[in-house]
Structure formats: structure tokens, C-alpha cells
Amino acid sequence: MLIKKLLKQELLPALKLVWNVFLEFEAPDYSEQGINTFKNYIADEAMMFELEFYGAFKDDELLGIIAMRNKNHLTMLFTKKEHHKKGVAKLLFNHILQITDEKIFTVNSSPYAVEIYHKLGFTDTDNEKEINGIRFTSMQYRV
């Protein structure tokens, strides 16, 4: 499997993957407001271009993505349904650990992903909150 930084022209397929996975696995935990908040977030080109996206590829197929803000905050970690529980998310996160000197990473995990982040070594730093319909648990990882 190849992990590489995504180019601007590769963002549209990456965001399509994010949206499809979000609808199936995340959206059921959110209100209509939360779904619209997330949709507007990923549709904001200026915001998306501020993030660093990395993709996991096998035979030119995009299996999953991770997006980072400020080199230490995970904003998105999504894998295609058929590649869940096959180590793609772990490979993506390990890639981030290898390419940066950061010692602390943060994420605001959706309810669906809390268990995944715990398996990656993140710990909760606060109770679940909700802002603009988005439910999340703040978490941290220390190297």
C-alpha cells in the first residue's frame, strides 16, 4: 500500500470518499443540522486547501484519507467501507507520525470513530460535546 500527500487535483475524489463514508457511518449519529454543517465544511474549498491530505492507495485505488491542520490536529480520517478494519487508518496515522516531529496530536472524534481512535492510542480529554449539530469527543495522542 502506498501512502502519499494528495495534490489539489486529487482532493475532489478524496472528498467524495469522505462524504460517502460520512453518510453511511457518521450521519446516523447527527441531526440534519450536523449533516449540513459537515457538508458545508468539506465543500469549503478555501478551508480544504488549508489542510494537508494524505491518501492510502492500492493499485491506484484510493482506500482512505487522513487530513491534518497545523501538523498536529487530525481533521479527517476516513476509509472506504470495504477496507474498514484492515489497518488502513492505522497506516495513515503511522505515516503522519513518521513525517513530523510533533509529540502531541489532537482530534475531535465523531461518536462512530471514538473506538478507532482509542485503538490508535488516543485518550479522551473531555466529554462529548455538540456544536452546530456536530457531536464530538476531544482526544489527544502523545508520542
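A contact is taken here to mean heavy atoms within 4.5 Å. On that basis, in this predicted model, 60% of the contacts in the chain between residues at least 6 apart in sequence join residues at least 24 apart.

The chain holds 5 helices and 8 strands, which follow one another from the N terminus in the order β-α-α-α-β-β-β-α-β-α-β-β-β. For a chain of 143 residues, a compact globule would be expected to have a radius of gyration near 15 Å, and the value of 14 Å computed for the chain agrees with that expectation. The C-alpha trace spans about 35 × 30 × 30 Å along its principal axes.

With respect to solvent, buried residues account for 45% of the 143 residues in the chain, while the area that the chain exposes comes to about 8300 Å², of which carbon and sulfur atoms supply 49%. As to charge, the chain carries 18 positive and 20 negative charges, and the mean positions of these two sets lie 4 Å apart.

At the level of a single residue, M68 is placed in strand β3, which covers residues 61-69. M68 has a relative accessibility of 4% and therefore counts as buried, the cut-off for that class being under 20%. When neighbours within four places in sequence are left aside, M68 is in contact with L51 and E52, with H73, L74 and T75, and with I96 and F105. The C-alpha atoms of M68 and E45, two residues that stand 23 apart along the chain, are separated by 15 Å.

Notes. Residues are numbered from 1 along each chain as its sequence is written. This is a predicted model: local features need pLDDT of at least 70, side-chain atom pairs count only at pLDDT 80 or more; totals for chains, interfaces and linings use all residues. Side-chain values use heavy atoms; hydrogens and water are left out. Helices (H or I, at least four residues) and strands (E, at least two) are DSSP runs, numbered from the N terminus. The radius of gyration is taken over C-alpha atoms; the globule rule is 2.2 Å times the number of residues to the power 0.38. Buried means under 20% relative accessible area, exposed over 50%, partly exposed in between (1.4 Å probe, protein chains only). Accessible areas come from the Shrake-Rupley method with a 1.4 Å probe; for residues, only the protein chains shown count as cover. Lys and Arg count as positive and Asp and Glu as negative; His and the chain ends are not counted. The place of a charge is taken as NZ of Lys, CZ of Arg, CG of Asp or CD of Glu.
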